[in-house]
Structures are given as C-alpha cells and as structure tokens.
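Please walk through the following structure with a newcomer in mind, explaining its sheet and its charged side-chain pairs step by step.

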Amino acid sequence: QCQDGGAILYTSFFDLMARTRYLGPDNAWKRFTEIMDRYRMPDRLCGGSPLYRGETSQQENPGAVGTDYPFPESGLVPLYFLYGVMGIEATPEGLRITPNLPKALTYAEVKYLNWHGADLKVRVTRDSVEVTSADTSFHRKSAIKPGEGITLKSLAAH
C-alpha cells in the first residue's frame, strides 16, 4: 500500500513502456530522465523516512513512496532501457532487437547481456544493430531501416 497520493516505483516501468508505445520514444525518455534525476538525489529513494524531499517512505509503516526493500520489483524500471529504448526481446524465434531511440540519443549500448549462455555486447543506432560476444567468437552488424530490427536465431557464425 502507498498512501496520500503516493507512488510505487515499479509502476513507472509500465508507464514508460506505455509512453514508448503510445506517445513515442521522446515522451518516454523525458519521463525516464525525470525519474533518474530524482534517483540521483542523495537518498537514492531509500533509507527510511523522511526522504530527501521530505517524503514518507513505505516500509514497515504506511507511506507515500514505495521503492526499496518491501518493493524489489522497483528493479523493473531500468529494464525500460533494454526493452523500450534498445528494443531487446527474447522470443521463441530468437533474440529480437528493434531499436527505438529517442532523439536525445545517437546510440545505445549494453554489455554482458546473457543469451544462450553467452555474454553479449549490443549496440544500436537508428540504422544499425551490432552484436558481439564477450569472447569475440560472434560478431554481427546489420543495417536496418527505421522501425525495423533483427532477430538472432543462434550465435553461429554467418
């Protein structure tokens, strides 16, 4: 429970994904940066009441902000970067990567994405997707058109 008009951070993940889909990547990115600006404050949205801006945190007792130990699902919020910005999705067909970059970014990259036991580095731009395994036994760079992506079916060399 969160009271007095409060918020639980994990719901922001679903808000960001809905914004990406229905309002566009720039709208979602603006909201994500606002969330990150709040997280950068000294309390990091945790540590007990009162929080940095005077909020009461929901822990053993009722509060208006639910973010830390009673709410491990708050860890969903950073996944917006993988799912909403980079467009990474594990599907039965393979690892689908469909970039959806906001105008503020020219590229996005993640390292150590584990898929089929391999640690991958994935870098996306508006017109390319590049995937490299940490041990460099796999490398693929594909040109794409806006709104398109790739699906890796395996890590076998082409």
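Is Asp37 buried, partly exposed or exposed, judged by its relative accessibility? In this predicted model, Asp37 counts as partly exposed because its relative accessibility is 46%, and the exposed class begins over 50%. Its salt-bridge partner is Arg40, with the closest N and O atoms 2.8 Å apart, and Arg40 counts as exposed at 53% relative accessibility. Elsewhere, Arg38, Asp43, Arg53 and Glu55 are joined into one network by salt bridges that share partners.

Side chains of opposite charge can pair when their charged atoms come close. The structure holds eleven salt bridges, and one of them brings together the side chains of Lys103 and Asp26 at 3.5 Å, N to O. This pair links distant parts of the chain, for Lys103 belongs to the loop between β4 and β5 whereas Asp26 belongs to helix α2, and 77 residues separate them. Lys103 is exposed, with a relative accessible area of 71%, while Asp26, at 35%, is partly exposed.

Helix α2 also contains both Glu34 and Arg31, which are three residues apart, about one turn of the helix, and which form a salt bridge whose closest N and O atoms are 3.2 Å apart. Glu34 is partly exposed at 32% relative accessibility, and Arg31 is partly exposed too, at 28%.

Turning to the strands, three of them form an open antiparallel sheet in the order β3-β4-β9, with β3 and β9 as the edge strands, each pairing on one side only. From one strand to the next the twist averages 25 degrees. Strands β3 and β4 are paired over four bridges, and Ile88 has Ile97 in β4 as its bridge partner.

How values were computed: Residues numbered from 1 in each chain as written. Predicted model: local features only at pLDDT ≥ 70, side-chain atom pairs only at ≥ 80, totals over all residues. Heavy atoms only, no water. Pairing = 2+ DSSP bridges. Helix = DSSP H or I, 4+ residues; strand = E, 2+ residues; numbered from the N terminus. Axes fitted to C-alpha atoms, helices over the stretch in contact; angles between N-to-C directions. Salt bridge = Lys/Arg side-chain N within 4 Å of Asp/Glu carboxyl O. Buried < 20%, exposed > 50% of the residue type's maximum accessible area, 1.4 Å probe, protein only.
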